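Student: Hey, could you walk me through a protein model? I'd like to start with charges and cysteines, then see what else comes up.
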Amino acid sequence: MGDQVLRTDGLTKHFGGITAVDGVSFALDSEECCALIGPNGAGKTTFFNLLTGELEPSEGSVEFHDDDGWHDLTGLAPHETASAGLHRSYQITNLFPTTTVRENVRVAAQAHGNATSRFWRNVDAFPEYVDEAESILERVGLSAKADDVARNLSHGEKRQLELGVALAGDPDVLLLDEPAAGVSSESVDEVVDLIRNVARDHAVLLVEHNMDVVMDLADRIAVLHQGELIADGPPTEVRDDDAVQEAYLGGYDPDAPTASDDGGDGSGTTGEDGGGVA
Ligand SMILES: Nc1ncnc2c1ncn2[C@@H]1O[C@H](COP(=O)(O)OP(=O)(O)OP(=O)(O)O)[C@@H](O)[C@H]1O
Ligand SMILES: [Mg+2]
């Protein structure tokens, strides 16, 4: 295990009468892939939004560690947490739909390298970003699709491109919100391989409902339930935890055939009802 790279202390978000994230103290190591799971509405996306500054916390703090020590990110804007080293993908894709795959990655690389450039749209003027984009496209398996317009990609390819856009920001920590959601069963293995590859040199925090993907990738699992962190530990321990079973995993059978085994309906996925939570 590496050193801690990201930590929260008592992180809380109220929306009117709802407490979406409730006093979460959590830390991510620099060399781990941690899965954040929990039923629909548990607060996972809100937790991501608090980390990256899309939302301001009601209480608590977010801190990020780099070579200069700990930095308080609490209340910073998304572009500030991104320049600190925190990048994310979205539960709903967030690409430039009418530009090409290559341009999506180039613009992200250029935005990271020179966020204030007056030549924002003229990506060809910056050959270093062209090279960087090509190598990222290769890494995420999209070289052959580089000239395609982003909106014409399959859902799985869009998730690959999102990862490429996130990588173009040269992140220390990648926050991935349901990277396998909506990906066809044939493509899930590709997405898993890609994340495994990326997780070798980045800290990854992954929200995912597909428990086969989670068990495949995660070094550690944290479980949110009604905004609270109810478990945090090694995958098999968390999977077998009684409170987690009751809150979320009631329907999960690790020995059941997986979506990618049988080409079926994603039987390894805990569904919309969150596995029977009240
Ligand atoms: N902007 C908002 N305003 C009001 N309530 C919100 C807002 N965003 C989220 N919520 C509420 O906060 C709770 C947590 O929602 P969140 O989207 O974080 O859950 P989630 O764990 O990501 O769920 P899912 O698995 O369905 O993506 C829910 O009750 C949701 O309705
Ligand atoms: Mg969500």
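Here is a chat about charges, cysteines and a few single residues in this model.

Tutor: Before we start, keep in mind that this is a predicted model.

Student: Got it. How many salt bridges are there?

Tutor: The count comes to twelve salt bridges. As for the general idea, side chains of opposite charge can pair when their charged atoms come close.

Student: Cool, which residue does R220 pair with?

Tutor: R220 meets E32 in a salt bridge, at 2.7 Å from N to O.

Student: And where do those two sit in the chain?

Tutor: R220 is in strand β9, residues 220-225, while E32 is in the loop between β2 (18-29) and β3 (33-37). They are 188 residues apart in sequence, so this pair ties together parts that are far from each other along the chain.

Student: Are R220 and E32 buried or exposed?

Tutor: Both R220 and E32 are buried.

Student: Which residues make up the salt-bridge network they're in?

Tutor: The network links E32, R220 and D232.

Student: OK, next pair. What does E54 bind to in a salt bridge?

Tutor: E54 forms a salt bridge with R88, and their closest N and O atoms are 2.9 Å apart. This one links distant parts of the chain too: E54 is in the loop between α1 (44-52) and β4, R88 is in strand β6 (residues 86-88), and the two are 34 residues apart.

Student: How covered up are they? Start with E54: what's its relative accessible area?

Tutor: E54 has a relative accessible area of 31%, so it counts as partly exposed. R88 has 10%, so that partner is buried.

Student: What about a pair inside one helix, like R196 and D193? How far apart are their N and O?

Tutor: The side chains of R196 and D193 meet in a salt bridge at 3.0 Å, N to O. Both belong to helix α6, residues 185-199, and because they are three residues apart there, about one helical turn separates them.

Student: And why does R196 count as partly exposed?

Tutor: Because its relative accessibility is 31%, and the band for partly exposed lies between the buried limit of 20% and the exposed limit of 50%. D193 is partly exposed as well, with a relative accessible area of 44%.

Student: Switching topic: how many disulfides does the structure hold?

Tutor: Zero. In general, a disulfide is a covalent bond between the sulfur atoms of two cysteines.

Student: But C33 and C34 sit right there! Why is there no bond from C33 to C34?

Tutor: Because the sulfur of C33 is 7.7 Å from the closest cysteine sulfur, the one in C34, and that is too far for a bond. For a disulfide, the two sulfur atoms would have to be within 2.5 Å. Seen from the other side, C34 is in no disulfide either, with the sulfur of C33 as the nearest one.

Student: Are they buried or exposed?

Tutor: C33 is at 2% relative accessibility, so it counts as buried. C34 is at 0%, so it is buried too.

Student: Back to charges for a sec. Which residues gather in the patch of negative charge on the surface?

Tutor: That patch brings together D67, D68, D170 and D172.

Student: Where's D68?

Tutor: D68 is in the loop between β4 (59-66) and β5 (69-72). At 65% relative accessibility, it counts as exposed.

Student: And D170, where is that one?

Tutor: D170 lies in the loop between α5 (155-168) and β7 (173-177). With a relative accessible area of 53%, D170 is exposed. Its phi is near 50°, a positive value in a residue other than glycine.

Student: What's the phi of E178, then?

Tutor: Near 55°, again a positive value in a residue other than glycine. E178 is found in the loop between β7 and α6, and at 9% relative accessible area it is buried.

Student: Last thing: where's L6, and is it buried or exposed?

Tutor: L6 is in strand β1, residues 4-15, and it is buried, with a relative accessible area of 1%. The C-alpha atoms of L6 and D66 are separated by 9.3 Å, although the two residues are 60 apart along the chain.

Definitions and conventions
Residues numbered from 1 in each chain as written. Chains lettered and ligands numbered in written order. Predicted model: local features only at pLDDT ≥ 70, side-chain atom pairs only at ≥ 80, totals over all residues. Heavy atoms only, no water. Patch = residues over 30% accessible without salt bridge, like charges linked within 9 Å, V, L, I, M, F, W, Y side chains within 5 Å. Areas by Shrake-Rupley, 256 points an atom, 1.4 Å probe, with all protein chains shown as cover. Salt bridge = Lys/Arg side-chain N within 4 Å of Asp/Glu carboxyl O. Lys, Arg positive; Asp, Glu negative; His and termini not counted. Charge placed at Lys NZ, Arg CZ, Asp CG, Glu CD. Helix = DSSP H or I, 4+ residues; strand = E, 2+ residues; numbered from the N terminus. Buried < 20%, exposed > 50% of the residue type's maximum accessible area, 1.4 Å probe, protein only.
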